[in-house]
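What follows is a walk through a structure, taken element by element. Please keep the sequence and the coordinates in view while reading.

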Amino acid sequence: MRTINTARFGEIEIEEEKIIMFPAGIPAFEEEKEFVIIPYDEESPFVFLQSLQTAELAFLMTSPFVFFPEYQFEIDDESIEALGIEKEEDLLIYALLTLPGKDIKQMTANLLAPIVINQQNHRAKQIILEKSEYKTKHLLFPVQDLAKGDE
Amino acid sequence: MLVLTRKPGQQIMIGDSIVINLVEVQGDNVRLAIEAPREVKIYRGEIYKAIMEENKKAAAQIVDIDLTDLINK
């Protein structure tokens with residue numbers, strides 16, 4: 001067990017095997033190599049990617065396939081090698097979420113740079129889909145859905 | 001910073017394993033062919049920058065976030 005400090009959850013204990021290693025860090029956070037995934041709650045598709053090193057650093061993520069069922073991408077050979085990926089079933093895929101203001105409905109997912117985790121060895125990387133059409137901001141709830149919801 | 005002038009067909013070598021070939025120049029566009037070892041990742045500068053910016057924004061907002069509205073939708 002390792003005890004870590006977090007801004008959102010206070011002091012928490014995590015099992016060593018729950019630690020996810022980002023050998024190259026995350027773009028703009030290259031020095032952050034160790035994270036742990038903490039579910040937002042039991043039922044939602046949202047999770048936090050909490051840094052072990054920096055209490056204040058946590059990213060909100062979701063499984064992209066819940067909101068974007070058509071989402072697909074190819075992992076480049078270099079990333080396959082870096083993460084030691086052997087089979088697709090070992091992978092966990094997340095998209096980082098950004099909220100521009102206070103309105104939670106404006107939340108966007110970064111589909112251009114998904115987080116890929118190899119559950120076999122707990123190595124992870126934010127992969128940049130250089131050749132894809134995806135962007136850094138995709139609304140989780142397209143505008144027409146919201147209009148319906150307000151009726 | 002080193003600034004070089006090159007003509008189409010000429011090369012730039014970085015260390016002994018990276019070669020940048022200037023393929024052609026058409027108006028505003030310069031076409032480059034880059035040879036580099038597999039472990040050297042090459043990105044268009046603006047894409048990498050956009051991801052860094054998005055990651056910073058994503059990291060700046062999380063502590064008090066309340067998703068109750070989204071989850072109950």
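Gln11(B) has Asn21(B) in S2(B) as its bridge partner. That bridge belongs to the pairing of strand S1 (residues 11–14) with strand S2 (residues 18–26) of chain B, an antiparallel pair joined by four bridges. As the model is a predicted one, the pairings described here are those of the prediction. S1(B) and S2(B) make a hairpin with three residues between them, and in its turn Gly15(B) has a positive phi of about 60°.

Asn21(B) also takes part in a second pairing, since its bridge partner in S3(B) is Ala33(B). S2(B) runs antiparallel to strand S3 (residues 29–35) of chain B, with seven bridges between the two. The hairpin of S2(B) and S3(B) leaves two residues between the strands, and Gly27(B) takes a positive phi near 60° there. S2(B) is thus paired with S1(B) and with S3(B).

The three strands of chain B are accompanied by two helices, and the order along the sequence is β-β-β-α-α. Of the contacts in chain B with a separation of 6 or more, 0% are between residues 24 or more positions apart. Buried residues account for 8% of the 73 residues of chain B.

Five buried residues are found in helix H1 of chain B, namely Ile51(B), Glu54(B), Asn55(B), Ala58(B) and Ala59(B). Viewed down the axis of H1(B), these buried residues fall within an arc of 130°, so they line one face of the helix. Gly45(B) and Glu46(B), on the other side of H1(B), are exposed. The helix covers residues 45–59 of chain B. At 1.5 Å a residue its 15 residues should span 21 Å, and the end C-alpha atoms are 21 Å apart, which agrees.

What do the buried residues of H1(B) pack against? They pack against S6, S7 and S8 of chain A. Across the whole interface, 28 residues of chain A are in contact with 24 residues of chain B. On the chain A side, the elements that give two or more residues are strand S5 (46–51), strand S6 (58–62), strand S7 (91–98) and strand S8 (108–118). The residues on that side comprise 19 nonpolar, five polar and four charged.

Chain A as a whole has three helices and 10 strands. Its elements follow the order β-β-β-β-β-β-α-α-β-β-β-β-α from the N terminus. The radius of gyration of chain A is 16 Å, close to the 15 Å that the globule rule gives for 151 residues, so chain A is as compact as a globular protein of that length. Its C-alpha trace spans about 50 × 40 × 30 Å along the principal axes. In chain A, 29% of the 151 residues are buried. Of its contacts with a separation of 6 or more, 46% are between residues 24 or more positions apart.

Two residues show the surroundings within strands S5 and S6 of chain A. Ser51(A) lies in strand S5. Is Ser51(A) buried or exposed? Ser51(A) counts as buried because it has 25 C-beta neighbours inside 10 Å, where 20 or more are required. Leaving out residues up to four places away in sequence, Ser51(A) touches Glu32(A), Phe35(A), Leu57(A) and Ala58(A). Phe65(A) is 14 residues from Ser51(A) along the chain, and their C-alpha atoms are separated by 24 Å.

Met61(A), in strand S6 of chain A, is buried, with 23 other C-beta atoms within 10 Å. Its C-alpha atom is separated by 6.0 Å from that of Phe48(A), 13 residues away along the chain. With residues up to four places away in sequence not counted, Met61(A) touches Val47(A), Leu49(A), Tyr94(A), Ala95(A), Leu96(A), Leu97(A) and Ile115(A).

Ile115(A), one of the residues that Met61(A) touches, leads on to a further pairing. The bridge partner of Ile115(A) in S9(A) is Gln126(A). S8(A) and strand S9 (residues 123–126) of chain A run antiparallel and are joined by four bridges. Their hairpin has four residues between the strands, and His122(A) in this hairpin takes a positive phi near 65°.

How values were computed
Residues are numbered from 1 along each chain as its sequence is written. Chains are lettered from A and ligands numbered from 1 in the order in which they are written. This is a predicted model: local features need pLDDT of at least 70, side-chain atom pairs count only at pLDDT 80 or more; totals for chains, interfaces and linings use all residues. The radius of gyration is taken over C-alpha atoms; the globule rule is 2.2 Å times the number of residues to the power 0.38. A residue is buried if 20 or more other C-beta atoms lie within 10 Å of its own, exposed if 12 or fewer, and partly exposed in between; C-beta atoms are placed from the backbone. Two residues are in contact if their C-beta atoms, placed from the backbone, lie within 7 Å. Ala, Val, Leu, Ile, Met, Phe, Trp, Tyr, Cys and Pro count as nonpolar, Asp, Glu, Lys and Arg as charged, and the others, Gly among them, as polar. Two strands pair if DSSP finds at least two bridges between them. The expected span of a helix is 1.5 Å times one less than its number of residues. The arc is that of the directions from the helix axis to the C-beta atoms.
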